[in-house]
Amino acid sequence: MRIAIMSGTSGLIGMQLLDQLLKSAAYDYVISVGRRKLTLKHPKLVQLEGNLAKIQDWNWAESINAESIGGEYRDLVLALESKSAQISGFCSLGTTIKKAGSKERFFEIDHDLVIAFASWVKSLEANSFHYVSAMGANAESGIFYNQVKGKTEKDLESLSFDCLKIYQPSLLLGNRHEFRFGELVATILMKPLVWLKLFKNFRPIYDYQVAKSMVKVDLDSERSGLERISSGEMQDLTAKKKS
């Protein structure tokens with residue numbers, strides 16, 4: 001049994017990633033973990049809600065069984081408890097300092113919750129973990145946003161996943177729920193790079209391209225160990241092949 005466990009589902013990349021995972025025949029189940037459940041139903045989708053900071057204390061088996069009125073998730077719970085499933089973790093959790101309200105709260109979301117989720121997935125003996133970071137992530141950066149992303153990457157490495165993939169997209173294009181003035185200006189200025197196909201690692205990338213790359217890399221058995229996947233590589237991975 002192959003299971004995808006994801007967090008950050010309601011975000012820009014998360015929604016695209018959920019769509020890709022549910023459409024893929026390779027995954028038997030997709031478990032979405034978050035503060036709230038989505039108003040979405042699918043035979044393969046199981047949703048768990050709660051305080052991510054305390055995810056290690058969750059009684060996830062009881063929660064899944066509660067959703068399984070007809071016992072349809074019995075095999076899923078058994079596979080997780082016996083650690084016989086092939087598990088892939090996906091995390092696209094993230095916010096902005098403005099939305100978080102403070103640097104401290106931003107760190108809690110973009111670092112602490114990511115590590116808490118990854119640690120829980122690791123305890124289930126996940127085979128691989130995929131994390132959406134950002135271009136310019138560096139624990140030593142003078143830019144706080146990049147510094148936090150860099151620290152999160154380093155702490156994920158310390159969890160010693162057999163397969164850890166870190167995705168570093170440039171400016172993201174897609175339909176956000178909230179308005180971000182700075183990103184709007186940058187998008188207007190940089191979108192010509194997309195049309196002209198210039199500077200792959202720096203030009204904006206669409207949310208669905210990141211999501212498709214994550215699934216494609218996870219299903220590629222030849223890709224193991226730690227990899228940082230650039231925005232340019234993600235665009236190559238999702239480029240339409242010429243016939």
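**A parallel sheet and a pair of helices**

Let me start with one pair of residues: Ala4 has Val30 in strand 2 as its bridge partner. What we are looking at is a predicted model, and I would like to use that pair as a way into the sheet. Ala4 lies in strand 1, which covers residues 2-7 and pairs in the parallel sense with strand 2, residues 29-34, over five bridges.

Strand 1 also has a partner in strand 4, to which it is joined by six bridges, and these two strands again run parallel. If you look for Ile3 in the structure, you will find Ile87 of strand 4 standing opposite. Is strand 4 mostly covered or uncovered? Strand 4 takes in residues 86-91, and five of its six residues are buried, so we can call it mostly covered, where buried means under 20% relative accessible area. From strand 4 we can step on to strand 5, residues 128-132, since the two pair in the parallel sense over four bridges, and here Gly89 stands opposite Phe129 in strand 5.

Now let us put these pairs into the whole sheet. In what order do the seven strands of the open sheet come? The order is 3-2-1-4-5-6-9, and the pairing is parallel. At the edges we find strand 3, residues 45-49, and strand 9, residues 225-230, each of which pairs on one side only. Going from one strand to the next, the twist averages 15°. As a general point to keep in mind while you look at the strands, the side chains of a regular strand alternate between the two faces of the sheet.

Let me turn to the helices. In general, two packed helices are described by the angle between their axes and by the distance between those axes. Here the axes of helix 1, residues 12-23, and helix 8, residues 207-218, come within 8 Å and cross at roughly 45°, which makes helix 1 oblique to helix 8. The crossing in which helix 1 passes helix 8 is right-handed. On the side of helix 1, the residues in contact include Leu12, Ile13 and Leu17, and the residues they and their neighbours in the contact meet in helix 8 include Tyr208, Val210 and Met214. Sorted by class, this contact has nine nonpolar, two polar and two charged residues.

Finally, the chain as a whole: its secondary structure comes to nine helices and nine strands, and buried residues make up 50% of its 243 residues. Among the contacts with a separation of 6 or more, 67% are between residues 24 or more positions apart.

Key: Residues numbered from 1 in each chain as written. Predicted model: local features only at pLDDT ≥ 70, side-chain atom pairs only at ≥ 80, totals over all residues. Heavy atoms only, no water. Axes fitted to C-alpha atoms, helices over the stretch in contact; angles between N-to-C directions. Parallel < 35°, antiparallel > 145°, perpendicular 65-115°, else oblique. Left-handed = near helix turned anticlockwise from the far one by under 90°. Contact = heavy atoms within 4.5 Å. Nonpolar A, V, L, I, M, F, W, Y, C, P; charged D, E, K, R; others polar. Pairing = 2+ DSSP bridges. Buried < 20%, exposed > 50% of the residue type's maximum accessible area, 1.4 Å probe, protein only.
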